[in-house]
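Walk me through this structure, with attention to its charged residues and to the places where the backbone does something unusual.

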Amino acid sequence: MMKLKAEPYTLRLRPDVQKSEQALRRNLNLLWCSGVLFNVLAFKNMANKVEFDAVLWNDEAILFIEYKDSPSMYKNMEAKRAQQIKGYSRNIARAFGFQKYNFIIVVNGLEQRVEKGSAAVIPLNELINYVPGFESSLEELDYIDWLLSKYNRQENPVEFTKELVLKELKILRDKIKQINK
């Protein structure tokens, strides 16, 4: 059985192929990526965390896909769970050295794109032409970019105070600690 490791994560392939997932495989847009894995079980410190129906990547980014065979199956998924899986996806991407990532839910029979939690939900019939938009997996660098633009803007400048800077540095420290625990 194939295993990929990047502490604290391990990715394993589930050997069986679900017939319901064949539609997902037939409709994937593989033009943008250089690799794909199906039925990926993701473990953090060997505790089962999440399963992805497909994981696609190129040199810069990785895409995690959850597939639902019907709108009713998708509706049973809680928004909080979708948000958690997206968070796991970001952490796995980071652990494996990808600076950009995304997590999407693909639904067979869905009429139009929607969002669940913070995850994009797209109809299966749009997948064939889908080129993902990616987000940064490096949350603390995003925060630093935000701080730089906040303090560097010409319009509506921010008053630079010691208390504000210390507060924002503490937020950054907490983000770095959270990532490295």
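**A walk through the predicted model**

Glu78 sits in the loop that joins α2 (71-75) to α3 (79-95). The model is a predicted one. With a relative accessible area of 56%, Glu78 is exposed, since exposed means over 50%. Ile65 comes 13 residues away from Glu78 along the chain, and the C-alpha atoms of the two are separated by 16 Å.

Glu78 also turns up in the surroundings of a lysine, Lys116, which is part of strand β7 (residues 114-116). Lys116 is buried and yet has no salt bridge. Its nearest side chain of opposite charge is that of Glu78, 9.0 Å away. A salt bridge needs a nitrogen within 4 Å of a carboxyl oxygen, so a separation of 9.0 Å does not qualify. What does the side chain of Lys116 reach at 2.6 Å? The partner is the backbone oxygen of Met77. Leaving aside neighbours within four places in sequence, the residues in contact with Lys116 include Tyr74, Lys75, Met77 and Glu78, as well as Ala79 and Ala82. Ile105 and Val121 are also in contact with Lys116.

Now the whole chain. It holds five helices and nine strands, and their order along the sequence is β-β-α-β-β-β-α-α-β-β-β-β-α-α. The C-alpha trace spans about 60 × 35 × 30 Å along its principal axes. Of the 181 residues, 40% count as buried. Among contacts with a separation of 6 or more, 61% come from residues 24 or more positions apart. The chain exposes about 10800 Å², and 50% of that area is supplied by carbon and sulfur atoms.

Charge is the next topic. The chain carries 28 positive and 23 negative charges, and the mean positions of the two sets are 6 Å apart. Side chains of opposite charge can pair when their charged atoms come close. The structure holds 10 salt bridges, and a few of them can be taken in turn.

Lys68 pairs with Glu66, with the closest N and O atoms 3.0 Å apart. Are these two residues buried or exposed? Lys68 counts as buried, at 14% relative accessibility. Glu66 counts as buried as well, at 11%.

Another salt bridge brings together the side chains of Lys86 and Glu135, at 2.6 Å from N to O. Lys86 lies in helix α3 and Glu135 in strand β9 (residues 135-136), so this pair ties together parts that are 49 residues apart in sequence. Lys86 is buried, with a relative accessible area of 7%, whereas Glu135 counts as partly exposed at 33%.

Arg173 and Asp174 form a salt bridge too, and their closest N and O atoms are 3.6 Å apart. Arg173 is partly exposed, with a relative accessible area of 42%. Asp174, at 41% relative accessibility, also counts as partly exposed. Elsewhere, salt bridges that share partners link Arg14, Asp16, Glu21 and Glu51 into one network.

Members of that network appear again around Asn39, a residue of strand β3 (residues 35-44). Not counting residues up to four places away in sequence, Asn39 touches Arg14, Asp16 and Glu21 among others. Further residues that Asn39 touches include Arg12, Leu13, Val17 and Arg25, along with Phe52 and Asp53. Asn39 is buried, with a relative accessible area of 2%. What is notable in the backbone of Asn39? Phi is near 55 degrees, a positive value in a residue other than glycine.

A second backbone feature involves Pro8, in the loop between β1 (3-6) and β2 (9-13). The peptide bond that leads from Glu7 to Pro8 is cis, and its omega is near 0 degrees.

To return to the lysines: Lys86 is buried and has a salt bridge with Glu135. Lys68 is buried and has a salt bridge with Glu66. Lys116 is buried without a salt bridge, and its side chain reaches the backbone oxygen of Met77 instead.

Terms used. Residues numbered from 1 in each chain as written. Predicted model: local features only at pLDDT ≥ 70, side-chain atom pairs only at ≥ 80, totals over all residues. Heavy atoms only, no water. Helix = DSSP H or I, 4+ residues; strand = E, 2+ residues; numbered from the N terminus. Buried < 20%, exposed > 50% of the residue type's maximum accessible area, 1.4 Å probe, protein only. Contact = heavy atoms within 4.5 Å. Areas by Shrake-Rupley, 256 points an atom, 1.4 Å probe, with all protein chains shown as cover. Lys, Arg positive; Asp, Glu negative; His and termini not counted. Charge placed at Lys NZ, Arg CZ, Asp CG, Glu CD. Polar contact = N/O pair within 3.5 Å; in protein donor to acceptor, adjacent residues only side chain to side chain.
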